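Open the structure in your viewer and keep the sequence panel beside it. The tour below goes from stop to stop, saying what to select and what is there.

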Amino acid sequence: MLKIAVLVSGGGTNLQAIIDAIDAGTITNAAIDIVISNNANAYALERAKQHGIEAMCLSPKSYETREQFNDALTQTIVDRKIDLVVLAGYLVIIPPQLIAAYKNRIINIHPSLIPSFCGTGFYGLKVHEEALKRGVKVTGATCHFVDEGTDTGPIILQKAVEIQPDDTPKTLQQRVMEQAEWIIMPRAIDLIANDKIQVADGIVTITE
């Protein structure tokens, strides 16, 4: 059974998609062990509690130095013997020591088709604003492993979403979540939980 830690900063819609997929049996052989947020007021923490999942706040603001926070977050995950770390709208830089300890065991969801509209500064509505400004006709979401760069890790799954003529950043954000993010993140977790993913030379191979 894959033990998952989900890291969140806000409302937790991707967390809810994972919870729902586990309940529905579309994610198998996996369970969420803990939900961690840097924001004590994140609704994601409430979502976790409503489903009987342990939830905690670990904020950099609670520590004198960033190194102390990095150590605390890493130690929490290691001590719980977590198998997979899922970043579901987590707006904190992942500690280098956690990335090193969890190579190809941390995944993230990004609201574009990487390598478009990704990297430093591209998160939340900003991604969709830039896509509309550029006039692209297709966007989507990418689920990828996390490495030392920003949105540069091996790509697991991508799903395209068409842009409509009357889209605003808000409507596009919602449709990308519904039609892509909430589908490919649970799918990636199920593949990992059932040993159907191999990574070699930065390329992900999926076996069905």
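Select Asn-104 to begin. This residue counts as partly exposed, because its relative accessible area is 25%, a value that falls between the 20% and 50% cut-offs. Asn-104 sits in the loop that connects α4 (96-101) with β5. Its phi is near 55°, which is positive although the residue is not a glycine. Bear in mind throughout that the model is predicted.

Next, go to Asp-151, in the loop between β6 (138-145) and β7 (155-162). Here too a residue other than glycine has a positive phi, near 65°. Is Asp-151 buried or exposed? With a relative accessible area of 11%, Asp-151 is buried, since the limit for that class is under 20%.

A further positive phi can be found in the hairpin of β8 and β9. Select residues 197-200 for strand β8 and residues 203-206 for strand β9; the two run antiparallel and are joined by four bridges. Within this pair, Gln-198 stands opposite Thr-205 of β9. Two residues lie between the strands of the hairpin, and Asp-201 has a positive phi near 55°.

Now zoom out to the whole protein. Colouring by secondary structure should bring up six helices and nine strands. The radius of gyration is 16 Å, close to the 17 Å that the globule rule gives for 208 residues, so the protein is as compact as a globular protein of that length. Measured out along the principal axes, the C-alpha atoms fill a box of roughly 50 × 40 × 35 Å. Of the 208 residues, 48% count as buried. The exposed area of the protein is about 10,200 Å², of which carbon and sulfur atoms supply 51%. Among contacts between residues at least 6 apart in sequence, 63% join residues at least 24 apart.

Turn to the interior. Which residues have the most contacts inside the largest nonpolar core? Select Val-6, Val-35, Val-86, Ile-107, Ile-156 and Ile-189; the core they belong to has 43 residues. Helix α6 (residues 169-193) gives the most to this core, with ten residues. Apart from it lies another core, of 20 residues, including Ala-5, Ile-36, Ile-82 and Ile-106.

Stay with Val-35 and show its surroundings. Beyond its neighbours within four places in sequence, Val-35 is in contact with residues that include Val-6, Val-8, Leu-15, Ala-44 and Leu-45. Glu-54 and Met-56 are also among its contacts.

From there, move to Ile-18 in helix α1 (residues 13-24). Ile-18 counts as buried, because its relative accessibility is 0%. Outside its neighbours within four places in sequence, Ile-18 is in contact with Ile-27, Ile-32, Val-86, Met-185 and Ile-189. Draw a line from Ile-18 to Leu-45: these residues are 27 apart along the chain, and their C-alpha atoms are separated by 14 Å.

The next stop is strand β6, where you should select Thr-142. Thr-142 counts as buried, because its relative accessibility is 0%. Which backbone atom lies 2.7 Å from a polar atom of the Thr-142 side chain? It is the backbone oxygen of Ser-112. A polar atom of the Thr-142 side chain also lies 3.0 Å from the backbone nitrogen of Ile-114. Setting aside neighbours within four places in sequence, the residues in contact with Thr-142 include Asn-108, His-110, Leu-113, Leu-157 and Ile-184.

Ile-114 leads to the following selection. A cis peptide bond joins Ile-114 and Pro-115, with omega about 20°. Pro-115 itself is in the loop between β5 (106-110) and α5 (125-134).

Finish with Val-138, which is also in strand β6. Val-138 counts as partly exposed, because its relative accessibility is 42%. Leaving out neighbours within four places in sequence, Val-138 is in contact with Leu-113, Ala-160, Val-161 and Ile-163. For a last distance, select Val-138 with Ile-106: they are 32 residues apart along the chain, and 27 Å separates their C-alpha atoms.

Conventions: Residues numbered from 1 in each chain as written. Predicted model: local features only at pLDDT ≥ 70, side-chain atom pairs only at ≥ 80, totals over all residues. Heavy atoms only, no water. Core = buried A, V, L, I, M, F, W, Y, C linked by side-chain atoms within 4.5 Å. Buried < 20%, exposed > 50% of the residue type's maximum accessible area, 1.4 Å probe, protein only. Contact = heavy atoms within 4.5 Å. Polar contact = N/O pair within 3.5 Å; in protein donor to acceptor, adjacent residues only side chain to side chain. Pairing = 2+ DSSP bridges. Rg over C-alpha atoms; globule rule 2.2 N^0.38 Å. Areas by Shrake-Rupley, 256 points an atom, 1.4 Å probe, with all protein chains shown as cover.
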